[in-house]
Amino acid sequence: MNSEFRERQPIGVKNLSKHGHTTWLPPVRKIKQQISTDPTLTPEYTHILGIPEFTRRATQLALGKDSPAIVESRVFGIQTVGCTGAVRLGAELLRSCYCSSSSWTHVFISLSFLEDSLAGTFKAAGIEDVQYYRYWDAESNGVCVENMLYDLENAPEQCVVVLFASGHRPTGAELSQEDWKRVAEVMKRQLFAFFLMSAQGLCSGSLEQDAWPVRHCVSLGLELLCAQSFSHNFGLYGERVGHLLCVLKQNLLAVQSQAEKLVQTLWSCPPMEGARVVATVLSNPAHLESVKAIAERCMLIRERLRERLRLLGGPWQWDHIIKPGGLYCCFGLNTQQVDFLVQKKHIYLLPNGCLNVSAINSRNLDYVAESIHQALSSKR
C-alpha cells in the first residue's frame, strides 16, 4: 500500500508540491522574512476594510488595471477572512442592502458534491431560499451547458447566481468563452452574478484568462460580487487571505458603509501578514510566473495520468482528464468504485470521483492509475 494515501484525507484540499507537501508560492518565503524584519511595520490593527494596497492590487488582478469599473469609480474591495468570509460578507450585503428594496432573496448554486457548505453560508446570512442549477454532465464528463442555461433562464427574477469564474469545485469542468457569453446574456435578465474565484491563474496558467468571465460581465455593465481567495495560488492556507470585490452602478458609498458595519460584527478587522505578502507579490509581475509553473505542473500530471490509464487498457476514454485545467478533475466514478478506492486502496476521493490532481506526483502516479483501473475493472 502506498504511504501517500494512508491518512484519511480526500485528494482535493490543497495545492501540493511534486513531493506531496503543501507549498508556498516560491517568492512567499523570502517576502515573509523581509516583512518580519521590516522596522517600519507596526503591529497595529489594520483598517476595517483591510490593507488599502492589498485591496487595490486584488481588484486590479481580478478586473485588470484598465477595467471600465475602475476607471468609472464604481468598484471597491474588502479584505476578508478567506474566501468563505468573502462569501458570507457578500451574502450579508445582499440581504441587508438589497433585499429590503430589490428582494435578492433567491440564490442559485451549481449542483455538485461540495455545495452544502456554500448553501449553508448563504442561509447563515439569512438567505434561506437556496436552489440549484445543473452543471456537471456525468455522461460526457463535462459541463451540461444547455441544462445550465435552461435552469438560469427559468430562474426567478431578482435571483443571485453563484458562478465559478474558473476552476469549478469539485469537477474542474470549465465553460468556454462562447458559453460564458451566453451565460452573461441570460444574466442581463434581472439576475445578479456572484462569482467565486478561488484559484486565479492555476486553471489555464493565465491570470487574465481565468478572470475573463468576470471581466466580460463587467464590460457589459453588469453589477456583481466576486469572492477571491489566495490560498491555492499563493499557498497561504493558514493565513486566510480573501477579498470581496463589489462592482456596482450606484449607491457605492452606502454599500461600503454597510460593509464596514457588517465587518465589525463578523471579524472586526482582517489579519495583516498574509495580505501584505499578497500585495508585495502582486506589485512585481515577475513573481507571478510561479503561478504559471504550478498550472503547467498540474497539466503535465493530467497528461501522464491519461497516458498511464490508456496503456492499462479497457474500453474507457480518458480525454476528458486533460480538457479542464487547474487543480480539480472528475472521473465520474460511481459509488461502488469510489468505495473500492477508499476502502481497499486508501485513495480518498469525493463521492463522484473528483480529486485534486496536485496530490498526484511521480511517486504515486502509477499507484493511482492502477488503482483506478482496478476499480473500473472489478466486478462487485
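Guide: One term before we start: two strands pair if DSSP finds at least two bridges between them. Also, this is a predicted model.

Visitor: Got it. How many bridges join β8 to β9?

Guide: The count is 6. Strand β8 covers residues 224-229, and the two strands run antiparallel. Look at Q228: H243 in β9 stands opposite.

Visitor: And β1 with β9, parallel or antiparallel?

Guide: Antiparallel, over 7 bridges. Strand β1 spans residues 75-81. I78 is the residue opposite L244 in β9.

Visitor: What about β7 and β8, parallel or antiparallel?

Guide: That pair is parallel, with 5 bridges. Strand β7 takes in residues 191-197. For F194, the bridge partner in β8 is L225.

Visitor: What holds strands together in general?

Guide: Strands of a sheet pair through backbone hydrogen bonds, in either a parallel or an antiparallel way.

Visitor: Back to this one. What is the strand order in the open sheet?

Guide: The order is β1-β9-β8-β7-β6-β2-β3. That is 7 strands, with mixed pairing.

Visitor: Which strands stand at the edges?

Guide: β1 and β3, the latter being residues 129-133. Each has a single partner strand, so one side of each lacks a neighbour in the sheet.

Visitor: By how much are neighbouring strands turned against each other?

Guide: By 20° on average, with direction ignored.

Visitor: Let me zoom in on β9. Is it mostly covered or mostly open?

Guide: Mostly covered. Strand β9 is residues 241-247, and 7 of its 7 residues are buried.

Visitor: Which residues point which way?

Guide: V241, H243, L245 and V247 point one way from β9. G242, L244 and C246 point the other way. Both sets are buried.

Visitor: New topic. Where is A275?

Guide: In helix α11, residues 273-282.

Visitor: Why does A275 count as buried?

Guide: Because its relative accessible area is 1%, and buried means under 20%.

Visitor: What does A275 touch?

Guide: I51, F54, Q79 and V241, leaving aside residues up to four places away in sequence. V241 is also one of the β9 residues we just met.

Visitor: How far apart are A275 and T80?

Guide: In sequence, 195 residues. In space, 9.6 Å from C-alpha to C-alpha.

Visitor: And the rest of α11, which residues are buried?

Guide: G274, A275, V277, V278, A279, V281 and L282. That makes 7 of the 10 residues in α11, a mostly covered helix.

Visitor: What covers them?

Guide: The cover includes α1 (26-36), α2 (52-63), β1 and β9.

Visitor: Tell me about α2 and α11. At what angle do they pack?

Guide: About 50°, with axes 9 Å apart. That makes α2 oblique to α11. The crossing is left-handed.

Visitor: Which residues meet there?

Guide: From α2, E53, F54, R57, A58 and L61. From α11, A275, V278, A279 and L282. By class, that contact has 7 nonpolar residues, no polar ones and 2 charged.

Visitor: Now the other helix pair, α13 and α14. At what angle do their axes cross?

Guide: At roughly 135°, and the axes come within 9 Å. Helix α14 is residues 365-377. The two helices are therefore oblique to each other.

Visitor: Is that crossing left-handed or right-handed?

Guide: The crossing of α13 and α14 is right-handed.

Visitor: What meets what?

Guide: Q337, F340 and L341 in α13 meet S371, I372, Q374, A375 and L376 in α14. In this contact, 5 residues are nonpolar, 3 are polar and none is charged.

Visitor: Which loop holds H346?

Guide: The loop between α13 (335-343) and β11 (354-356). H346 has a positive phi of about 55°, although it is not a glycine.

Visitor: And S268, what is its phi?

Guide: About 70°, so to speak on the positive side, and S268 is not a glycine either. S268 sits in the loop between α10 (252-266) and α11.

Visitor: Why does S268 count as partly exposed?

Guide: Because its relative accessibility is 40%, and partly exposed lies between 20% and 50%.

Visitor: Last one, the whole chain. How many helices and strands are there?

Guide: 14 helices and 11 strands. Of the 380 residues, 56% count as buried. Among contacts with a separation of 6 or more, 76% come from residues 24 or more positions apart.

Note on methods. Residues are numbered from 1 along each chain as its sequence is written. This is a predicted model: local features need pLDDT of at least 70, side-chain atom pairs count only at pLDDT 80 or more; totals for chains, interfaces and linings use all residues. Side-chain values use heavy atoms; hydrogens and water are left out. Helices (H or I, at least four residues) and strands (E, at least two) are DSSP runs, numbered from the N terminus. Buried means under 20% relative accessible area, exposed over 50%, partly exposed in between (1.4 Å probe, protein chains only). Contact means heavy atoms within 4.5 Å. Axes are lines fitted to C-alpha atoms, for helices over the stretch in contact, and angles run from 0 to 180 degrees between N-to-C directions. Angles under 35 degrees count as roughly parallel, over 145 as roughly antiparallel, 65 to 115 as roughly perpendicular and the rest as oblique. A crossing is left-handed if the near helix is turned anticlockwise from the far one by less than a right angle, and right-handed if clockwise. Ala, Val, Leu, Ile, Met, Phe, Trp, Tyr, Cys and Pro count as nonpolar, Asp, Glu, Lys and Arg as charged, and the others, Gly among them, as polar.
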